[in-house]
Amino acid sequence: MIIDQVNRDRIPRHVAVIMDGNGRWAELHGNDRIYGHRQGVDAVRSIVEGAGEIGIEYLTLYAFSTENWNRPKEEVDALMSLLVDAIVQEIDNLNEKNVRMRVVGNIFCFPDQVQVKLSEAIESTSANTGLNLVLALSYSGRWEILEAVRKIVRDAQEGVISEEDINDKTFVNYLSSFEIPDPELLIRTSGEFRISNFLLWQIAYSEFYFTPILWPDFRKENLYEAIVDFQGRERRFGKTSEQIRS
Ligand code: IPE
Ligand code: IPE
Ligand code: MG
């Protein structure tokens, strides 16, 4: 079994996933795009479980991008109600699995009911100590970086931070993902080879894993395959292979 090939001593702390291909999956199955999104929830359940089982600390799922607001209204509305339904439906399961849910993104853009359900889920799971499930909602990397810059300017004007204090470490404190380590591994499904404005700052040294599997077909075994592949790579961070091995 693929899980037996996973080296438990080298589990990435943080895995981020661009869950793509719901629409194409639905089309392949002769159904509408919404049906594909609905099926995508099964994939989420499977990898949340799988990530918890092998001890991943943070799993960030790109569920709705800033750019996704530009989709047809019916699809956006359907995604919103699916989000509410999925949260309500999964909350007991998350608590049972000791999963703590968090959100990154501009959630103030969401309808009130969605915001309320999100807050309830965050609150209800806040004492859990297992996997941190981070949902990226109305999120984009550029939005996040610009928000950080605005906050830094405000702090600078108030004398809280000075120009010399701005570096890699202090900048991170202004990102919405500030206490979350950078993802070691980034997975994108559906055979697309792009970032689509996901964690732009945080992926500076992430390993990328692309798979043709469409999101609704993705299961924890596919997550384990990605991790096994990741574990076979040498991460050099600018150094030479010799330096890494010595
Ligand atoms: C990903 O699937 C889900 C969201 C972006 C919300 P898509 O809806 O992008 O599916 P494709 O890419 O059209 O197949
Ligand atoms: C990226 O998928 C966003 C999410 C998975 C939520 P898209 O399907 O929106 O990306 P593009 O537009 O094809 O790059
Ligand atoms: Mg897509």
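This report walks through the pocket, the two ligands and the cavity of the structure shown above. Keep in mind that we are looking at a predicted model.

**The pocket**

Let's start with the open space. The largest pocket holds about 900 Å³. It is lined by 43 residues, and those closest to its centre are M19, N22, Y62, A63 and F64. Several elements chip in: α1 (22-28), α2 (33-53), β2, α3 (73-96) and β4 (132-139) each supply at least two residues of the lining. The top contributor is α3, which gives nine residues. Sorted by character, the lining of this pocket has 22 nonpolar, nine polar and 12 charged residues.

So who lives there? Ligand 1 takes up space in the largest pocket, and the space taken by ligand 2 is the largest pocket too.

**Ligand 1**

Which residues surround ligand 1? The list runs M19, D20, G21, N22, G23, R24, R33, H37, A63, N68, R71 and L79. By type, this shell splits into three nonpolar, five polar and four charged residues.

Some of these neighbours make polar contacts with oxygen atoms of the ligand. R33 offers a polar side-chain atom 2.8 Å from an oxygen atom of ligand 1. The side chain of D20 has an N or O atom 2.9 Å from an oxygen atom of ligand 1. With G23 the backbone does the job, placing a polar atom 2.9 Å from a ligand 1 oxygen atom. On its own, ligand 1 would expose 380 Å², and the protein buries 86% of that. The elements giving two or more residues to the shell around ligand 1 are α1 and α2, with α1 giving the most, at three residues.

**Ligand 2**

Now for the other guest. Around ligand 2 you'll find I18, M19, D20, Y62, A63, F64, S65, N68, R71, R188, R194 and S196. Here the split is five nonpolar, three polar and four charged residues. Which element gives the most to this shell? That is strand β2 (residues 58-65), with four residues.

Ligand 2 also has polar partners. An N or O atom in the side chain of R194 is 2.7 Å from one of the ligand's oxygen atoms. N68 brings a polar side-chain atom to 2.9 Å from an oxygen atom of ligand 2, and D20 does so at 3.1 Å. Taken alone, ligand 2 exposes 390 Å², of which the protein buries 78%.

If you compare the two lists, you'll spot M19, D20, A63, N68 and R71 in the shells of both ligands. D20 is worth a click in the viewer: its side chain has a polar contact with an oxygen atom of ligand 1 and another with an oxygen atom of ligand 2.

Here are the polar contacts side by side.

| Residue | Part of residue | Ligand | Distance |
|---|---|---|---|
| R33 | side chain | ligand 1 | 2.8 Å |
| D20 | side chain | ligand 1 | 2.9 Å |
| G23 | backbone | ligand 1 | 2.9 Å |
| R194 | side chain | ligand 2 | 2.7 Å |
| N68 | side chain | ligand 2 | 2.9 Å |
| D20 | side chain | ligand 2 | 3.1 Å |

**The cavity**

There is also some closed-off space. How many cavities of 30 Å³ or more does the structure hold? The count is one. The largest cavity has a volume of about 50 Å³. Its walls are formed by H14, T60, V104, V134, S177, I180, P181, L199 and Q202. Of these lining residues, five are nonpolar, four are polar and none is charged. The lining of the largest pocket, by contrast, includes 12 charged residues.

How values were computed. Residues numbered from 1 in each chain as written. Chains lettered and ligands numbered in written order. Predicted model: local features only at pLDDT ≥ 70, side-chain atom pairs only at ≥ 80, totals over all residues. Heavy atoms only, no water. Near = heavy atom within 4 Å. Polar contact = N/O pair within 3.5 Å; in protein donor to acceptor, adjacent residues only side chain to side chain. Areas by Shrake-Rupley, 256 points an atom, 1.4 Å probe, with all protein chains shown as cover. 1 Å grid on protein atoms, 1.4 Å probe; cavity = no way out; pocket = protein on both sides within 12 Å on 5 of 7 lines; lining within 4 Å. Sits in = over half its atoms within 2 Å of the grid points. Nonpolar A, V, L, I, M, F, W, Y, C, P; charged D, E, K, R; others polar. Points joined across faces, edges and corners; volume = space filled by probe spheres on them.
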